Amino acid sequence: MSKEDKFSQDFSEFDSYQFGHYDKVKHIASTGKGISRDVVTKISELKNEPGWMTDIRLKAYEVFEKKPMPSWGPDLKEIKFEDFTYFIRSTEKESDQWDDMPKEILETFDKLGIPEAEKKFLAGASAQYESEAVYHKLNEELGREGVVFLTMDQAVKDEPDLVKKYFGSVIPASDNKFSALNTAVWSGGSFIYVPPGVEVSTPLQTYFRINEEEFGQFERTLIIADKGAKVVYNEGCSAPKWAKSSLHAAVVELVALEDSRIDYQTIQNWYKNIYNLVTKRAKAEKNATVTWLDINVGSRITIKYPSVMMMGEGARGEVQSIAFANEEQLQDSGAKMIHGAPNTTSVVTSKSISKGTGRSSYRGLIKVLKGAKNSSCRVECDALLINEESRTDTYPVMDIAEDETQIAHEASVSKVNEDQIFYLQSRGIPEIDAMKMVVNGFLEPMVKKLPLEYSVEFQRLVELELEGSVG
Amino acid sequence: MKDDYILNINNLKVSIDDKQVLQGIDLSVKKGEVHAIMGPNGSGKSTLAYSLMGHPSYELDSGDIELDSESIVDLEPHEKAQKGLFLAFQYPMEIPGLQMESFLRSAVSSIKGSEETKDVFDFHRKVLKEMRYLGIDESFADRYVNDGFSGGEKKRAEVLQMLLLQPKLAVMDETDSGLDIDAIKVVAKGVNRLKEKGMSILIITHYQRILDYIHPDRVSVLSGGKILKTAGPELAKELEKTGYKDFVPKKSSLDVKF
């Protein structure tokens with residue numbers, strides 16, 4: 001059976017996923033299946049990288065080989081590293097013109113609404129397809145103000161000093177097996193530098209698309225907000241409905257210098273064949289603020305705990321996490337807050353929904369270092385179960401070495417109540433719509449605080465996920 | 001004539017958790033009629049209300065229910081509502097996060113068609129007008145459905161829904177329970193307004209009190225899962241004096257279904 005026939009067969013399966021089509025496009029370059037030292041070197045060569053980056057990669061590869069798989073949390077035994085292709089190039093080079101890419105790829109991004117979103121509400125947009133960006137553009141005015149928005153690949157060449165200084169400074173390769181893997185084979189992702197006092201209030205966005213099956217996407221993102229700077233960054237993603245799995249292991253490092261603010265917003269909507277194992281961490285200096293909005297709807301297994309290390313006095317961290325675990329999905333998400341200086345504040349709000357055999361977990365770490373006086377942290381996690389077999393777990397860990405702190409943790413689990421559904425039905429509302437109303441009601445306190453384009457998109461995704469959940 | 005009746009219940013038997021609670025109910029409500037069902041606690045009154053609307057926990061063992069000469073036993077609850085059946089709940093459910101007005105808009109457009117709610121501002125004015133009529137504070141339009149409402153506020157909200165949905169038959173399940181006289185008067189004002197427009201009412205109550213404000217044409221006594229007597233409004237007065245002692249079911253009538 002040809003690859004395309006096999007694909008259409010998988011595709012015909014009933015599924016509410018909207019962006020599961022496959023593009024028949026040829027590869028400009030590929031490292032083929034499997035990972036080795038040679039593959040790592042080859043990726044670096046294909047990118048014409050300076051030697052210092054090749055060295056970083058090779059060192060990280062050694063760490064990756066030695067590190068065991070995570071022993072806690074979701075079972076990752078099914079992941080066979082030799083099955084994936086670690087690098088695919090789809091176009092000769094990135095362009096700031098949408099028309100430069102092959103027609104099939106452009107049609108895909110059109111379907112995803114990316115060019116339209118760029119026109120409407122973005123100050124800069126990047127579109128990554130497989131391993132590299134096929135489109136990348138920053139609003140000219142921001143460029144004149146000194147804002148740097150590049151693909152990470154380009155930043156290695158154009159901004160070597162900043163990359164050398166900050167790459168791996170928040171998440172070292174040795175942090176975990178997947179951060180080591182990413183550091184070895186990373187490709188694509190964004191590099192942003194916002195100069196002192198400059199505010200980028202219109203979001204910059206990168207969209208990540210996987211097209212092939214058994215592929216690995218390893219983007220690397222680094223955002224630096226200099227003193228008093230502000231930036232809002234969005235990311236989204238999707239993939240075709242392949243039967244075989246792909247791996248997405250990103251590393252995202254945020255550096256928020258004194259008095260700056262970074263807002264990082266994600267809607268993760270991978271198809272249910274993707275292992276999404278992502279390390280996201282921010283370092284916040286004096287009086288800086290970092291917020292993560294982390295929405296997980298897709299993927300087979302997601303392991304991701306956006307984190308803020310508040311290392312300067314008065315720093316502030318916030319994580320808003322929303323997860324929807326549908327049939328056979330495992331959303332293991334949460335947050336880590338490290339209070340490393342006095343008067344630091346963090347807030348974690350988590351809402352999760354589990355449907356059918358879906359399972360969502362909240363995993364959180366609150367760590368207050370000795371001397372981080374007057375720090376405060378508030379964690380609130382609510383879980384909603386849709387069916388009898390749905391499951392949710394909460395794993396909060398607190399490590400408090402300072403006495404003068406205020407920590408609050410609240411958790412709740414509720415189940416969609418048959419009588420609520422009946423009540424709405426008795427008012428003429430069909431069961432499926434009643435279910436959507438109850439679920440949307442559960443999410444409402446959080447959704448109403450989201451940026452408009454996010455709340456609309458998210459509610460639409462939730463409603464799609466709920467189709468077929470009754471009867 | 002069959003056409004004269006909005007509701008016809010024939011030999012309705014209903015079980016919950018394998019226990020037969022309704023043991024052959026025969027009951028009819030004429031178009032435009034107010035029919036009161038009275039009975040002691042545990043007689044099956046609320047089961048009757050839930051069974052009419054089709055709550056999934058209540059299993060219909062046998063019998064038929066006709067709304068406006070059409071059997072509705074196989075319909076989903078929302079379809080029954082669309083055909084003009086309304087249940088005012090004894091304990092209205094709270095739906096956190098769902099705004100009252102948004103809920104009302106969905107309900108009205110499901111039952112009366114989307115044309116009714118197409119003009120958002122017009123619908124909003126209509127909701128506020130009915131809220132004022134029932135003495136409900138305007139802020140309730142933005143509040144979550146029944147969430148944190150007092151007992152009386154919930155019952156007024158039920159009548160608000162009734163006024164907006166204009167059903168053919170309203171089943172009122174112990175709407176008077178927990179209400180003071182002023183609240184009962186407000187509820188009755190709303191219900192009587194719809195009655196004048198031709199709505200039929202099946203009013204289920206333990207006490208005669210609400211019947212001073214919503215006058216029944218007929219009164220039936222439900223006890224032990226059966227209708228034991230049907231008469232004119234004088235029966236309600238009589239029950240007020242004598243209580244239900246003449247209608248205590250014989251032990252054997254509380255059958256357990258095997």
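Author: Buried means under 20% relative accessible area, exposed over 50%, and partly exposed in between (1.4 Å probe, protein chains only). This is a predicted model, in which local features need pLDDT of at least 70, side-chain atom pairs count only at pLDDT 80 or more, and totals for chains, interfaces and linings use all residues. Residues are numbered from 1 along each chain as written, chains are lettered from A and ligands numbered from 1 in the order written, and side-chain values use heavy atoms, without hydrogens and water.

Reader: Which residues are exposed on the face of α7(B) turned away from its buried side?

Author: Helix α7 of chain B (a DSSP run of H or I, at least four residues; strands are E, at least two) spans residues 234–242. Its buried residues are B:L235, B:A236 and B:L239. These cover an arc of only 100° around the axis, which puts them on the same side of α7(B). The face turned away from that side carries B:E240 and B:K241.

Reader: Against which strands of chain B do the buried residues of α7(B) pack?

Author: B:L235, B:A236 and B:L239 are the buried residues of this helix. In chain B they pack against β3 (34–38), β11 (218–223) and β12 (226–231).

Reader: What is the phi of B:G243, the residue that follows α7(B)?

Author: Helix α7(B) is followed by B:G243. The phi of B:G243 is positive, near 75°.

Reader: How far apart are the axes of α10 and α11 of chain A?

Author: Helix α10 covers residues 418–425 of chain A and helix α11 covers residues 431–447. Contact (heavy atoms within 4.5 Å) is made by A:Q420, A:I421, A:L424 and A:Q425 of α10(A) with A:E431, A:A434, A:M435, A:M437 and A:V438 of α11(A). The two helices pack at an angle of about 120° (on a scale from 0 to 180 degrees between N-to-C directions). Their axes are apart by 9 Å.

How values were computed. Arc of directions from axis to C-beta.
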